[in-house]
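User: Hi! Could you help me read this protein model, one question at a time?

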Amino acid sequence: MLKKIFSLFLLFTFGLTVNSQNGLKYQKPPKEIVEIMNVKPTPSVSISPDKRFVAFMERTGMPSIADFSGEELRIAGLRIDPAVNGQGRQNYSVGLTIMDINGNNPVKIEGLPADLKMRSFSWSNDGKMFAFLNTIENSVELWLGNVESMSVKKIDGGINAILGGRRSGGFKWMVDNKSIVYQTVVPDREARPVVSQIPEGPVVQENMGRKGATPTFQDLLKNPSDEEVFEYFATSVIKIWNGSVSEQVGDAGIYSSVNCSPDANYILVEEIVKPFSYVVPLYYFPSVVSIWDREGKVVRIIAELPLKENLPRGFDMTFPEQRSFSWRSDKPATLYWVKPLDGGDIKKEMEYHDHVYTLEAPFKGEPVEYVATKMRFGGITWGSDDFAILSESSRKERIRIQYSFNPENPSGTLKQIFKISTDDRYNNPGRFMTEVNEYGRRILLFGNKGRSLYLTGRGSSPEGDRPFIDEYAIKDGSVKRLWRSEAPCYESVIDFVDKAKMTVLTSRESVEVPSNYFIRDLKKGSLKAITSFENPYPMLKGVTRELIKYKRNDGIDLTFDLYLPAGYDKGKDGPLPAILWAYPREFKSAVAAGQVAGSPYRFARVSASSVLLMVTQGYAIFNNVTFPIVGEDETEPNDTFREQLVANAEAAINKGVELGVVDPDRVGVGGHSYGAFMTANLLAHSSLFAAGVARSGAYNRTLTPFGFQNERRTYWEAPDLYNYMAPFMHADKVKNPILLIHGQADNNSGTFPIQSKRFFGALKGHGATVRLCFLPFESHGYAAAESLMHMQWEVLTWFDKYVKNNKQ
């Protein structure tokens with residue numbers, strides 16, 4: 001008996017140490033946390049283009065780790081589920097209901113598969129039909145639905161959802177509202193290549209004197225066997241469903257993009273060709289961009305793009321070849337694209353850096369030089385025969401400029417509308433609203449007999465985000481406010497329902513009520529509910545949230561959302577243990593860095609990975625803490641990265657102490673990805689925190705030597721900066737406990753799992769209190785129920801031991 005008691009004592013006292021060395025089964029956090037994590041997600045909602053119907057798609061909760069334990073191919077920058085010839089790690093809907101836009105007559109759709117795994121739901125352009133993909137045990141199927149009969153039917157199987165699904169959901173509607181273009185696996189293809197474990201020779205890479213950055217991509221091809229497997233699964237044929245039958249168009253190929261012209265008479269195709277690369281993922285592989293007719297005959301080759309292994313380095317640098325191939329949305333079949341005039345080098349002194357070219361059907365003759373931009377081309381929003389909007393931008397200068405122009409004479413009619421600092425939330429005019437035209441493409445939404453446009457945006461302000469609708473007068477550029485979200489709700493605009501009646505579809509929420517859809521009459525000021533989703537977290541009743549404003553020691557304005565446990569009484573309970581959770585962001589302006597982000601009136605969605613779950617365990621939570629890293633004029637933000645991190649953290653803790661709700665000796669810090677990098681740095685360069693949790697971070701910047709986040713200097717240009725910023729280089733200074741958590745299958749560029757493994761080794765070597773938890777099969781973000789619950793258990797156990805019960 002005494003032996004048993006002594007064994008239990010050792011397990012309790014040294015449980016973390018023992019578990020870190022021995023096999024540990026998945027653990028669960030306390031039931032209060034598990035209950036919230038298991039809350040059923042609110043259905044996804046899709047409004048039909050004609051604004052007559054609303055589709056509700058029932059979502060599943062967290063998948064099981066068993067769902068990720070099957071075979072997964074990690075090649076060419078992809079994650080492929082070979083069982084179904086589709087992308088791996090997909091989220092599915094398991095139910096579908098459609099009702100009238102006014103909220104009446106909900107109808108369960110007839111004929112749905114018994115074990116529905118639906119994704120990529122899409123309405124036809126007239127809203128009378130819909131389509132979706134359904135995944136079965138060994139394939140992906142394309143299904144078609146009819147709104148009038150509220151029934152569905154399968155129209156094809158064997159959908160190749162690997163590449164086509166990356167950009168279009170795997171299929172696209174055509175202008176006649178009955179035809180669909182999509183891709184399938186090659187009919188009657190041979191068996192999957194058998195990969196030999198015996199190599200036929202070495203794997204060789206070379207560079208013949210060309211300069212170019214080598215980013216830290218993952219899941220790349222590694223050998224000729226990988227190439228064969230990639231080619232097998234990525235090769236597809238293009239088909240068109242014409243409303244009654246499907247017909248193949250053209251030959252098989254590796255098609256990364258398939259896009260019909262607005263009039264559906266031509267198809268813009270981008271085909272990946274060899275040689276493949278072991279250095280970069282598939283979107284840098286060589287490709288041929290061409291135009292086909294409906295029978296699959298090549299009408300014209302537009303571009304033959306080479307392999308791109310030497311990537312441009314620096315803000316606004318690009319490849320010298322053509323890019324951004326797209327159809328004009330306002331014309332039947334006019335293609336346009338962009339080519340840099342500077343060879344991709346923005347540093348070259350010249351007035352114009354990009355040039356837009358056009359070519360219209362039947363695609364004979366030379367492309368037309370359409371319009372040039374002084375910065376990098378940002379896009380065109382087409383409108384009418386005499387009005388469209390062009391944008392250009394500079395990432396280095398953090399500005400975006402919009403121009404109006406006449407499409408018939410673009411160069412001669414360019415007129416600046418807005419010049420926007422991308423850091424300046426308060427003065428952002430918003431985006432121009434669009435509508436669907438006769439081709440099913442989005443164009444500018446005109447009002448007041450073509451004399452006005454409409455703007456909508458977040459409406460950031462010192463009071464927080466307040467979305468709005470403005471009317472923009474084309475003649476003189478004046479702006480008239482039509483509506484703005486008012487406290488105590490947060491309401492954002494989705495689309496116009498009826499322009500003539502000035503009714504809009506909005507999403508409205510408050511602190512207590514989750515987001516629901518409404519129809520707002522801008523003339524009458526009335527509001528009509530479409531949905532009535534209830535608060536999914538009644539168990540969090542009594543938890544309080546407040547937007548806290550304060551200043552950094554240099555005067556920069558900061559904010560955080562303060563969450564306090566239900567029933568907390570400051571006078572009775574005293575200061576609480578606290579957790580600060582943040583993510584640093586760079587700014588070139590102290591004024592912009594101090595602007596308020598977010599809204600105090602939004603409903604707090606508590607994801608299964610959220611730190612907010614810890615509020616149920618007696619912690620005060622500092623969430624969405626602003627952590628600006630500012631560098632004005634010639635100074636780069638990262639030049640004083642560490643000092644600004646500490647100043648941000650110190651200001652937040654001081655404010656919590658000033659409010660009387662935080663015990664300064666019991667504060668933990670945490671973050672994910674760049675927030676993990678922040679956490680490690682704060683523990684290395686300050687004594688503000690009792691402990692930290694760093695999830696999926698990068699800690700050794702020599703492993704990302706060609707830049708990271710918004711840092712464009714290389715390691716060889718600024719070795720002192722890389723060493724200064726990298727917590728790996730300062731592992732000997734980490735004195736307080738740190739928990740490292742990482743997905744074993746993290747494929748995010750720069751945060752490969754070896755980052756945590758090597759940092760753990762450095763910390764261990766210097767005698768730090770550190771624990772490393774690898775989550776099997778998990779990527780950069782964690783998804784499986786077992787992983788998420790175990791992660792929350794790890795975090796709570798760590799903070800309880802080293803923060804809540806910290807003895808100073």
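Analyst: Happy to! Let's begin with a term: a salt bridge is a side-chain nitrogen of Lys or Arg within 4 Å of a carboxyl oxygen of Asp or Glu. This is a predicted model, where local features need pLDDT of at least 70 and side-chain atom pairs count only at pLDDT 80 or more, while totals for chains, interfaces and linings use all residues. Residues are numbered from 1 along each chain as its sequence is written, and side-chain values use heavy atoms, with hydrogens and water left out.

User: Which residues are linked with Arg323 in a network of salt bridges?

Analyst: Side chains of opposite charge can pair when their charged atoms come close. Here such pairs join up into a network, and the partners linked with Arg323 are Asp342, Asp354 and Arg376.

User: How many salt bridges does the structure hold?

Analyst: The network around Arg323 and Asp342 is built of salt bridges. For the structure, the count is 32.

User: How far apart in the chain are Asp495 and Arg442?

Analyst: These two form a salt bridge, with their closest N and O atoms 3.4 Å apart. The pair links distant parts of the chain: Asp495 sits in strand β34 (residues 489-498) and Arg442 in strand β29 (residues 442-444). Helices (H or I, at least four residues) and strands (E, at least two) are DSSP runs, numbered from the N terminus. Along the chain, Asp495 and Arg442 are separated by 53 residues.

User: Is Asp495 buried or exposed?

Analyst: Buried means under 20% relative accessible area, exposed over 50%, and partly exposed in between (1.4 Å probe, protein chains only). Its partner Arg442 has 41%, so Arg442 is partly exposed. Asp495 has a relative accessible area of 14%, so the answer is buried.

User: Which residue meets Lys551 in a salt bridge?

Analyst: Lys551 is exposed because its relative accessible area is 52%. The partner counts as partly exposed, at 35% relative accessibility. The side chains meet at 2.6 Å, N to O, and the partner is Asp557.

User: Why are Asp800 and Lys804 separated by about one helical turn?

Analyst: They form a salt bridge, the closest N and O atoms being 3.6 Å apart. Lys804 is partly exposed, with a relative accessible area of 24%. The separation is about one helical turn because, in helix α13 (residues 785-804), the two are four residues apart.

User: Which residues gather in a patch of negative charge with Glu634?

Analyst: Lys and Arg count as positive and Asp and Glu as negative; His and the chain ends are not counted. Patches are made of residues with over 30% relative accessible area and no salt bridge, joining like charges within 9 Å and nonpolar side chains (Val, Leu, Ile, Met, Phe, Trp, Tyr) within 5 Å. Glu634, in the loop between β43 (628-630) and α9 (641-658), counts as exposed because its relative accessibility is 75%. Gathered with Glu634 on the surface are Glu632, Asp633 and Glu636.

User: What is the area of the nonpolar surface patch with Met350?

Analyst: Met350 lies in the loop between β20 (334-340) and β21 (354-360), and its 33% relative accessible area makes Met350 partly exposed. Leu341 and Tyr352 help make the patch. Accessible areas come from the Shrake-Rupley method with a 1.4 Å probe, and for residues only the protein chains shown count as cover. The patch covers about 240 Å².

User: How many disulfides does the structure hold?

Analyst: A disulfide is a pair of cysteine sulfur atoms within 2.5 Å. Cys260 counts as buried at 5% relative accessibility, and Cys489 is buried at 14%. The number of disulfides is zero.

Conventions
The place of a charge is taken as NZ of Lys, CZ of Arg, CG of Asp or CD of Glu.
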